[in-house]
Protein chains: 2
Amino acid sequence: MSLQPLAAVLVHTPVVDRRGDRVTTAVTNLDLHDIARSARTYGLKRFYVVTPVVEQQRLVGKLLGHWTEGSGAEYNPSRQQALELIRVFSSFDEVLDDWRNMTGAEPLPILTGASREDGISFAECRRQLQQGPGLLVFGTGWGLAPEFFSNDWQVLEPVLGVDGYNHLSVRAAAAIILDRLAGRFGL
Amino acid sequence: MSLQPLAAVLVHTPVVDRRGDRVTTAVTNLDLHDIARSARTYGLKRFYVVTPVVEQQRLVGKLLGHWTEGSGAEYNPSRQQALELIRVFSSFDEVLDDWRNMTGAEPLPILTGASREDGISFAECRRQLQQGPGLLVFGTGWGLAPEFFSNDWQVLEPVLGVDGYNHLSVRAAAAIILDRLAGRFGL
């Protein structure tokens, strides 16, 4: 059974820092490149980036212009295919609106986080993603702010390796999660 | 059945550029951080970095000093646990020697690359990794130079998503490959 439309969201606000304080993180080019390439690999329809900082939105726009329209598109067409999935919004609500408009269905946000113990399994998540459009939500910094988790949205179990160590980069975690959920070899 | 000792190698020379020319790439801090954290997550014993450039070896040493002995170790112990897996060598032969000394067995290099079609499957690779110490070899730039592939070493099939697109970052590819080969949910 194939997946329904799937999108990823990289949230820069509200997230928490290492002390648990609510912060806005900076957008980094490499997050965008890496996660866009992973998103394209696994057939995602969108890669949303949430930042309220106008200057950073402008920088992302410049990056996308270079790689999707400018000389970068000619230089590296595979990078173009990845980065053209990106859409930048100021808030998560705007992402929900856009994804709702695009899919014609109520979004099913699935929150990710390394420290959650109440999450659904990857197998269960994969089953749910076969029912309707999904929206995988990743936090930068030390993770999504608590308010995300008070919405009755699904939470995915953390990626664990061989022991309790769970300090993957968001770029690595997103890659593994997409492989497990949207890959042909998924659970 | 549990895995035998496993290590990853990130090769900066000899690799190829987009035209297929033999080059030496620059070491980037983020590759080291990301892949070290993935390596630690999946219980690897070593994360080798190959660069012949003395100045870059020195920079890596400085990075490691900060995170494994300096103030960074206190600030972020989980990062210390990851980065202390790193060993820097000038050539792949030196990596083979070190891994041979460490494991007491002849190394089993497994080469990765996005464009190889002659590779063994992930399932087969996982079986082989249960027989003896393994050494997963990743290339930077546009991949490992051809000479790696003339050694009769194993080659792993590429990571494919939903279609033929295979342009993952080395950070994302390493994360997915470790999850598939060394994760508890592996194939």
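The exercises below, each with a worked solution, concern a predicted model with chains A and B.

**Exercise 1. The relation between the chains**

Determine which rotation and shift superpose chain A on chain B, and what kind of axis relates the two copies.

Solution. In general, two copies of a chain are related by a rotation about an axis and a shift along it. Here the rotation is 180° and the shift along its axis is 0.0 Å, and chain A then superposes on chain B with an RMSD of 0.0 Å. The two copies are thus related as by a two-fold rotation axis. The contact surface can be examined next: 100% of the interface residues of chain A are also interface residues in chain B, so the copies meet through the same surface.

**Exercise 2. The interface and helix α1 of chain A**

Work out which helix gives the most to the side of chain A that touches chain B, and whether α1(A) is largely enclosed or left open.

Solution. Begin with the contacts, in which 28 residues of chain A meet 28 residues of chain B. On the side of chain A that touches chain B, α1, α4 (77–83) and α7 (170–182) of chain A each supply at least two residues, and α1(A) gives the most, with seven residues. By character, the residues of that side divide into 11 nonpolar, 11 polar and six charged.

Turn then to the helix itself, which covers residues 29–41 of chain A. At 1.5 Å a residue, its 13 residues should span 18 Å, and this agrees with its end C-alpha atoms, which are 18 Å apart. A residue is buried when 20 or more other C-beta atoms lie within 10 Å of its own; 11 of the 13 residues of α1(A) are buried, so the helix is largely enclosed by the rest of the structure. Among them are A:Asp31, A:Asp34, A:Arg37 and A:Arg40. Just after α1(A), A:Gly43 takes a positive phi of about 75°.

**Exercise 3. The sheet of chain B**

Establish the order of the six strands in the open sheet of chain B, and which strands stand at its edges.

Solution. The order is β5-β4-β1-β7-β6-β8, with parallel pairing. β5 (86–89) and β8 (154–155) of chain B stand at the edges, each with a single partner strand, so one side of each is left without a neighbour in the sheet.

At one edge, β4(B) is joined to β5(B) by four bridges, and B:Phe47 stands opposite B:Ile86. On its other side, β4(B) is joined to β1 (residues 6–11) of chain B by five bridges, with B:Val49 as the bridge partner of B:Leu10. Four of the five residues of β4(B) are buried. At the other edge, β6 (residues 108–111) of chain B pairs with β8(B) over two bridges, and B:Leu111 stands opposite B:Val155.

**Exercise 4. Backbone exceptions**

Find where the cis peptide bonds to A:Pro14 and B:Pro14 lie, and state whether A:Asp152 and B:Asp152 are buried or exposed.

Solution. Most residues other than glycine have a negative phi, and most peptide bonds are trans. The bond from A:Thr13 to A:Pro14 is cis, with omega near -5°, and A:Pro14 sits in the loop between β1 (6–11) and β2 (15–16) of chain A. A cis bond also joins B:Thr13 and B:Pro14, with omega about -10°, and B:Pro14 lies in the loop between β1 and β2 (15–16) of chain B.

For A:Asp152, phi is positive, near 60°; for B:Asp152, phi is positive, about 65°. A:Asp152 is exposed, with 6 other C-beta atoms within 10 Å, and B:Asp152 is exposed, with 6 other C-beta atoms within 10 Å.

Technical notes: Residues numbered from 1 in each chain as written. Chains lettered and ligands numbered in written order. Predicted model: local features only at pLDDT ≥ 70, side-chain atom pairs only at ≥ 80, totals over all residues. Least-squares fit on C-alpha atoms with pLDDT ≥ 70 in both. Contact = placed C-beta atoms within 7 Å. Pairing = 2+ DSSP bridges. Expected span 1.5 Å × (residues − 1). Buried ≥ 20, exposed ≤ 12 C-beta atoms within 10 Å, placed from the backbone. Nonpolar A, V, L, I, M, F, W, Y, C, P; charged D, E, K, R; others polar.
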